[in-house]
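Here are my notes from a pass through the model, as numbered points. Have the viewer open while you read.

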Amino acid sequence: MSTYALPTALAEIVDDFQALTEPDRLQLLLEFSRALPELPERLRDHPELLEQVVECQSPLFLTIETEKDDAGSPAAFRLFFKAPPEAPTTRGFAGVLHEGLDGLTAEEILAVPDDMPELLGLTRAITPLRMRGMTAMLGRIKRKVAASARLQS
Amino acid sequence: MSYPVEQNEKFTAYANPERLVSTEWLAAAIEGGALNDGKLVVVESDEDVLLYETGHIPGAVKVDWHTDLNDEVTRDYVDGNAFAALAAAKGISRDTTVVIYGDKSNWWAAYALWVFTLFGHEDVRLLDGGRDKWIAEGRELTTDVPAPAAGDYPVVERNDAPIRAFKDDVLAHLGKPLIDVRSPEEYTGQRTHMPAYPEEGALRGGHIPTAASIPWARAAAEDGTYRTRPELEALYLGEAGLTEGDDVVAYCRIGERSSHTWFALKYLLGFETVRNYDGSWTEWGNAVRVPIVKGAERGSVPAGAR
């Protein structure tokens, strides 16, 4: 695996994880779980606008929105996640994806390899079972972005 | 039993009341300094590997069901050496009273308790209601990780046979009671999943012939505590049709949810022979030529299946 296709912010996160020992990687994931932004008010009261990622062991809901400027450049995708505080691992990975992918274009997001979660070096500590939910989260984002990009083209 | 057993009306009705403690009991024991000398050790075991780090019962140590209790290579539990090393590192000696609690109505805590029991750890109890009840009651939490003095734990060989069933044991068991503790969708084989998300866990859906469907969470009340003895009897003796003295096997997907049911049958209702089939559906649903029933009916054991 290599990080060549990763957007800059995500590549930096991967480098940060890889530079650490396993226990410190878990601590870093915990920090990401704390840094996950709250939903904006317009989504907070509208759970029906979010989709559940059922492969996650804990409830995780997400949605995407597009932001287009007038200059005709490709739309930026904004990512929104909701996960309860009692699911820090799920929240942590949502935090990684938020910091790594929020505001990017469809092309950049779709270029992220599906097995990107493996690059964080957490598989042994978190177990393959738990990693599956993370991979599903990325997969869901990519599918929604792809569908949205098709609609707009 | 090395640490005093809790007496209360709800617990006294159970077959083995000494296997549960209440949040009040634990809070008082901690307050009284019970954790200071290694006689009592509190263990948190959660589904989420980071949950302990966000805050836990003061003095509690963490045992992760997967990374600490499962062998990394073989699909099996750790051996006697690894378990002794784990216990000692957590400040647990062979005669320590261990109280285990966790998230989701103690689902993973019951699993950890079951693994402790495979090693014959004598005094291991569950905190009734687990982590959620402790928090709901506004009790103290801390992010301080204790550094307990090493426990003195012998290398004990695991004794699986009394409480653990393997696939061949289940085949030989067919015709005797089985409890399937998974969701109704998993039981019938109509697993709900999103388009383009194949269920990777098992190649076949359904249940083991004749198994009764009693989803594990039905043994828990809204506050995560175990239901009372009469309620559990209505569930397992009434609905599932078990009778006293039955030899029972419980299973789920990987043996975690069924540990919660195993505990209820073994210690709360007092069934002597209850085994947890930890291979569960991820083994049975992938095994070649084992009998499977689809749909809501329990079905029957096909001739020659044993």
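Which residue of S9(B) does Val248(B) stand opposite? Keep that one in mind for point 1, and remember throughout that this is a predicted model.

1. The S8/S9 pair of chain B. The answer to the opening question is Val274(B), which sits across from Val248(B). The two strands, S8 (residues 247–251) and S9(B), run parallel and share five bridges. Between them comes a helix to look at: S8(B), helix H9 (residues 257–268) and S9(B) of chain B together make a β-α-β unit, and the unit is right-handed.

2. The sheet around that pair. S8(B) and S9(B) belong to an open sheet of four strands in chain B, ordered S7-S6-S8-S9, with parallel pairing. S7 (212–213) and S9 of chain B are at the edges with a single partner strand each, so one side of each has no neighbour in the sheet. Don't read that as S9(B) being out in the open, though: four of the five residues in S9(B) (residues 273–277) are buried, so the strand is largely enclosed by the rest of the structure. On the S6 side, strand S6 (residues 178–180) of chain B joins S8(B) through three bridges, again in parallel. For a landmark there, use Leu178(B), which is opposite Val249(B) of S8(B).

3. Strand S2 of chain B. How many of the five residues of S2(B) are buried? The count is five of the five for residues 40–44, so this strand is largely enclosed by the rest of the structure. Both of its faces are covered: Leu40(B), Val42(B) and Glu44(B) are buried on one side, Val41(B) and Val43(B) on the other. As for partners, S2(B) runs parallel to strand S4 (residues 97–101) of chain B, with five bridges, and parallel to strand S3 (residues 61–62) of chain B, with two. Glu44(B) is worth clicking on, since its bridge partner in S4(B) is Tyr101(B) and its bridge partner in S3(B) is Lys62(B).

4. A cavity by Glu44(B). The structure has two cavities of 30 Å³ or more, and the second largest comes out at about 40 Å³. Glu44(B) and Lys62(B) both line that second cavity, along with Ser45(B), Asp46(B), Asp48(B), Val49(B), Tyr52(B), Val63(B) and Asp64(B). What does the lining look like by class? Five of the residues are charged, three nonpolar and one polar.

5. The loop between S4 and H4 of chain B. Two residues here deserve a look at their backbone angles. As background, most residues other than glycine have a negative phi. Lys104(B), in this loop, has a positive phi near 50° without being a glycine. Ser105(B), in the loop between S4 and H4 of chain B too, also has a positive phi, about 55°, and is not a glycine either. Are they buried or exposed? Lys104(B) has a relative accessible area of 25% and is partly exposed, whereas Ser105(B), at 17%, is buried; the cut-off for buried is under 20%.

6. Helix H3 of chain B. H3 (residues 80–89) has these buried residues: Gly80(B), Phe83(B), Ala84(B), Leu86(B), Ala87(B) and Ala88(B). What do they pack against? Their partner is helix H4 (107–118) of chain B. After H3(B) comes Gly91(B), with a positive phi near 80°.

7. The sheet of chain A. Chain A has an open sheet of four strands in the order S1-S2-S3-S4, and the pairing is antiparallel. Its edge strands are S1 (51–52) and S4 (104–105) of chain A, each paired on one side only. S2 (residues 61–67) and S3 (residues 76–82) of chain A are joined by seven bridges and run antiparallel. To get the register, start from Ile64(A), whose bridge partner in S3(A) is Leu79(A).

8. A buried lysine in chain A. Lys142(A) is part of helix H7 (residues 128–152) of chain A. Its relative accessibility is 12%, so Lys142(A) counts as buried. What does Lys142(A) touch? Leaving out residues up to four places away in sequence, its contacts are Ile109(A), Leu110(A), Val112(A), Pro113(A) and Asp114(A).

How values were computed. Residues numbered from 1 in each chain as written. Chains lettered and ligands numbered in written order. Predicted model: local features only at pLDDT ≥ 70, side-chain atom pairs only at ≥ 80, totals over all residues. Heavy atoms only, no water. 1 Å grid on protein atoms, 1.4 Å probe; cavity = no way out; pocket = protein on both sides within 12 Å on 5 of 7 lines; lining within 4 Å. Points joined across faces, edges and corners; volume = space filled by probe spheres on them. Nonpolar A, V, L, I, M, F, W, Y, C, P; charged D, E, K, R; others polar. Buried < 20%, exposed > 50% of the residue type's maximum accessible area, 1.4 Å probe, protein only. Pairing = 2+ DSSP bridges. Right-handed = clockwise from strand over helix to strand, strands pointing away. Contact = heavy atoms within 4.5 Å.
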